Amino acid sequence: MSESNDSRPDIYIGLVGAAGTDLKSVLRELKSQLLVVGYTVEHIKVSELIKAAVGIPDLADENERIKHHMKAGDLIRSNSANGGGVAALAMQAIVSTRGKTTKGKSRAFVIDSFKHPDEIELFDRVYVRNYYTMSVHLPRITRQKNLEIQIAKDQHQPPDPEMAMLAKQIITDDEKSQGDKAQNVRDAFPKADFFVNGKSDLPQQIKRFVEIVFAEPFVTPTLDEYGMFMAKGAGYRSADLSRQVGATIIDQNGSLIGTGCNEAPYPGGGFYVDGHSDGIDDNRDYVKQIDPNAAEIQSTFIEIVGILREAGHIGDTKKDKRGDVELVDDLLQGDLKHLARNARIRSLIEFGRVVHAEMHAICDAAAAGKAVRDSSLYCTTFPCHLCAKHIMASGIAEVVYIEPYPKSLTAKLYSDEIEFADERRETGNNTGQRRLVFRPFHGVSPILFQRAFRQKKRKDSRGILALWDPTMAEPTDASRTVERPRLETTAVNSVVRVLKKAKAKYDSWSEESIDEEG
């Protein structure tokens, strides 16, 4: 005898959206589509929790409201042991709501929204396979316009250049504020299990997400999802000291024609692979025990300091207690690193030994004699400007990516040759030449891919098609109880102590802000 749908597991969905993204529409569609499978949504609004926790006053001005909430959120994170203070606050609300709702009710707790990767990590650890992160993408220009309109509406004035500057600053602070535990949507966004295109058909995207979560057996990968999954797999082959990046090239017929990862090149083609050397010793960066690019950045910095010192623009080495090496080390790694945090010199990428994943994929296709013209390149990370020019020269038609790459100067150097779009479309510039299209990835992430598309029951013992009943469907691999209740309890119990410290610091900051404005 099958169990009633009233006994189905709770699920948890954490939303991530950069400032200016309309998450209300996403929430509305989640409520609608989850009703189809018999689940009701419990909305956990994080900004309201933060406001109540530290006592943020009612603020009519959107710019001030956002600024106060950002500061309060940063203080809650910075006063928690692992940066998960805001997530723990959301867990406290979940536990409270769970105790008030009818037992046996099928529920989806939607957390609106997370702003830091540590928050996602805590929910992943506590709720494991009952938890999903959903990131919603909206172009920066659209988000900025949304914020400008909201600021103007609050001030009862039409949008003006000053409001545009305020909106830009909000977006910049939202992407990544200063400090390891400060608001950081830029690094939280790529952690998603499912990416939503905020400008496309929301009902269809959310419907597909719900069907995947509830094991609809005939939902299969899109070409984008397959391409990005293969790119992620290729990236795992890298032993690079900084990060693992993977890339794949897929032709117009959907065939895989090249793969690559960021790794040191191997004589004769390809790159070093464990267990396969042909008599050549492994010579990857981890064997050399140093990142040559980082070493060259430091050497360049030391050289510039030496020139400035010799020219008399900074103190004399003989009189200065710190030598050039010590000063540069302090600027790059020590107490002064905040001064050089955004220095262009720290973004140099020209001195690495590794071949970047995108270039490796192009070389891989070339070695096999496969043309890449008009193909699609899938890369786990936005291409750097060095890769962008090779991608363009190879004739590849579009690039699909997940993670941002702040060091990249691609947009600046190739603004006339590249079109940044949500969907592939061939548009010409003034000369009629087609542009290379860059677009963000949407759909099931490589993280969720195997669980989402692993085969479910598709026929009965007689070979007849098995029907999927959404009202009885179970969330894939979900636990009927909280997977790690002790960890949830520990997180919830930490909230009181964290909030006490955060509130005291917020009150002090708020008073200083008022004095400055006065």
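This section describes the confidence, the two sheets and the helix packing of a predicted model.

The mean pLDDT of the chain is 89, with 93% of its residues at 70 or more. Confidence falls below 50 over residues 1-5, a stretch that has 6 contacts in the model beyond near neighbours in sequence. A further stretch, residues 423-431, also stays under 50 in pLDDT; for residues 423-431 the model has 20 contacts beyond four places in sequence.

One open sheet is formed by 6 strands in the order 2-3-1-4-5-12, with mixed pairing. Its edges are strand 2 (residues 40-45) and strand 12 (residues 443-444), each of which pairs on one side only. Strand 2 runs parallel to strand 3 (residues 107-112), and 6 bridges connect the two. Within this pairing, Thr 40 lies opposite Arg 107 of strand 3.

Two of the helices that pack on this sheet are helix 4 and helix 5. Helix 4 (residues 85-100) touches strand 1 (residues 11-17), strand 2 and strand 3. The direction of helix 4 makes about 150° with that of strand 3. Helix 5 (residues 117-127) is in contact with strand 1, strand 3 and strand 4 (residues 131-137), and its direction makes about 150° with that of strand 4. Strand 1 and strand 3 are thus touched by helix 4 and also by helix 5.

The buried residues of helix 5 are Pro 117, Glu 119, Ile 120, Leu 122, Phe 123, Val 126 and Tyr 127. Helix 5 is followed by Val 128, which has a positive phi near 45°.

Helix 4 also packs against helix 2. Two packed helices are described by the angle between their axes and the distance between the axes. The axes of helix 2 (residues 46-54) and helix 4 come within 10 Å and cross at roughly 95°. This angle falls in the range of 65 to 115 degrees, and helix 2 and helix 4 are therefore roughly perpendicular to each other. Helix 2 contributes Val 46, Leu 49, Ile 50 and Ala 53 to the contact, while helix 4 contributes Val 86, Leu 89, Ala 90 and Ala 93. By class, the contact comprises 8 nonpolar residues, with no polar and no charged residues.

A second open sheet, again with mixed pairing, contains 6 strands in the order 7-6-8-9-11-10. Strand 7 (residues 256-261) and strand 10 (residues 418-420) are its edge strands, each pairing on one side only. With direction ignored, neighbouring strands of this sheet are turned by 20° against each other on average.

At one edge of the second sheet, strand 10 is parallel to strand 11 (residues 436-440), and 3 bridges join them. The bridge partner of Glu 419 is Val 437 in strand 11. Helix 14 (residues 357-367) packs on this sheet and touches strand 6 (residues 246-250), strand 7 and strand 8 (residues 376-381). Between the directions of helix 14 and strand 7 the angle is about 140°.

At the other edge, strand 6 and strand 7 are antiparallel and are paired over 5 bridges. Thr 248 stands opposite Thr 259 of strand 7. The two strands form a hairpin with 5 residues between them. In the turn of this hairpin, Gly 254 has a positive phi of about 85°.

Methods. Residues numbered from 1 in each chain as written. Predicted model: local features only at pLDDT ≥ 70, side-chain atom pairs only at ≥ 80, totals over all residues. Heavy atoms only, no water. pLDDT = per-residue confidence, 0-100. Contact = heavy atoms within 4.5 Å. Pairing = 2+ DSSP bridges. Helix = DSSP H or I, 4+ residues; strand = E, 2+ residues; numbered from the N terminus. Axes fitted to C-alpha atoms, helices over the stretch in contact; angles between N-to-C directions. Parallel < 35°, antiparallel > 145°, perpendicular 65-115°, else oblique. Nonpolar A, V, L, I, M, F, W, Y, C, P; charged D, E, K, R; others polar. Buried < 20%, exposed > 50% of the residue type's maximum accessible area, 1.4 Å probe, protein only.
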